[in-house]
Amino acid sequence: MMGKISEQTGNITPGLVTRCGIYSSVLLLIVFGIIQAEDLHLGGYMESPELRERHSTKELYRAAYGACHQLVKAKKCAPLLVRLGWHDSGNYDGETKSGGANGSIRFEKELGHNGNAGIPSAIALLKPIKDRYPEISYADLFQMASAAAIDVSGGPKVDMLYGRQDAQSDSEVPPNGRLPGAAAPFHKAVGADPTELAETMTPAEHIRAVFYRMGLEDVDIVALSGAHTLGRAFKDRSGACPMASTKHTVDGPGTKGGMSWTTEWLKFDNTYYQELLKGEKGALDPELLKLATDTALVTDSEFRVYTEKFANSQEDFFQQYAVSHKKLSELGARFDPHTGFSIEGTQGVAERVVSTNYKK
Ligand code: HEM
């Protein structure tokens, strides 16, 4: 019989030899191929099962990062996603180690907190990506979307870590009132009842209370406020703007209306600081927004040093922004593995929306 071991002699018939030869060649090719692929990725080392799993997790995260890029481009929603990431992490309290980047902003309880109007739309925008990549925690997705939004808008690359674990229930939602207010009277933003008003608090004192509570410093306050180079305030969200619409926002891009801090508010650059300083030279554009907390970055002498620095050098701004944003994105995060992991290689590959067409 062809291709069968002879029961008497143990010899293999010629047909079997041929087939075995083909099988073993194919097997060798596959094994060789795998080793080569591992070589390319891992410098010659074979992956342990744990490493292999981590490796595929990274691929998944990279794909989700790409999906965030596409979403931002399609929906022109960079500002809203940056605000989402900031509001999830920005309620961290260093003393009680509560709040922070744990995805708790998805719970109704936290969405109802002061300052979170409009945030449900941001979470809804990310839902298709969460559905497609359910392995990615909400906490990671919110921070990833923010970093991708800054990247797409022409801003700096933030050296992000991933692996944040989610808050499992709204029992992890911290007290209301930890996010900053835009106008007086300001609330204390610290302690058991952060909503308690502090009638005599200045805007500078208020933002210091908020950011110092998180363990951040003056330079972080000024750099992170520069995120207002993106986006707008809306009458029907925060209401923190004197005009419902301006010449800079009446036609969009994207959602129309609102009041922006800069003329090209889908572009991440240092014009926020330049606009802040223009006021003193009598060149103020009344159709651009300045919250009391923005103005404090010019009137407070210690903040002002950084405001001038960032207005004069976009490079200095980007460098500091990337550092401060990374810190903000990790506040209160419980990473698994505890060091977190990076998905390096993803950023900077996608085409950016450096120059959105603002000319109508
Ligand atoms: C310093 C204290 C801050 C105050 C008082 C403040 C206040 C506000 C207010 C009132 C709005 C308008 C919201 C609306 O009407 O939809 C807003 C929008 C925004 N904020 Fe802040 N913010 C602060 C810090 C930050 C930080 C640290 C970031 C990010 C790192 C940030 C990012 C944004 C962005 C991107 C928008 C635009 C959102 C959009 O266009 O939908 N803000 N902020």
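Mentor: Before we start, a residue counts as near a molecule if its C-beta atom, placed from the backbone, lies within 6 Å of it. Also keep in mind that this is a predicted model.

Trainee: Okay, so how many residues surround the ligand?

Mentor: The closest are Pro 79, Ala 227, Gly 231, Ala 233 and Ser 238. Sorted by class, the shell has 14 nonpolar, six polar and three charged residues. The number surrounding the ligand is 23.

Trainee: Which helix gives the most to that shell?

Mentor: Helix H3 (78-89), helix H8 (218-225) and strand S1 (232-233) each supply at least two residues of the shell. With five residues, the top giver is H3.

Trainee: What about the largest nonpolar core: which residues touch the most other members?

Mentor: That core has 75 residues, and helix H6 (residues 138-152) gives the most to this core, with 11 residues. One of the residues you're after has contacts beyond four places in sequence with Val 72, Ala 122, Ala 145, Ser 146 and Ala 149, and that's Leu 81. The ones touching the most other members are Leu 81 and Ala 145.

Trainee: Last one, helix H11: why do its buried residues line one face?

Mentor: In H11, the buried ones are Phe 303, Tyr 306, Thr 307, Phe 310 and Ala 311. An α-helix has 3.6 residues a turn, so residues three or four places apart point the same way. Those buried residues pack against helix H7 (203-213), H8, helix H9 (271-278), helix H10 (292-299) and helix H12 (314-330). Looking down the axis of H11, its buried residues line one face because they fall within an arc of 135°.

Definitions and conventions:
Residues are numbered from 1 along each chain as its sequence is written. This is a predicted model: local features need pLDDT of at least 70, side-chain atom pairs count only at pLDDT 80 or more; totals for chains, interfaces and linings use all residues. Helices (H or I, at least four residues) and strands (E, at least two) are DSSP runs, numbered from the N terminus. Ala, Val, Leu, Ile, Met, Phe, Trp, Tyr, Cys and Pro count as nonpolar, Asp, Glu, Lys and Arg as charged, and the others, Gly among them, as polar. A nonpolar core is a set of buried Ala, Val, Leu, Ile, Met, Phe, Trp, Tyr and Cys residues joined through C-beta atoms within 7 Å. A residue is buried if 20 or more other C-beta atoms lie within 10 Å of its own, exposed if 12 or fewer, and partly exposed in between; C-beta atoms are placed from the backbone. Two residues are in contact if their C-beta atoms, placed from the backbone, lie within 7 Å. The arc is that of the directions from the helix axis to the C-beta atoms.
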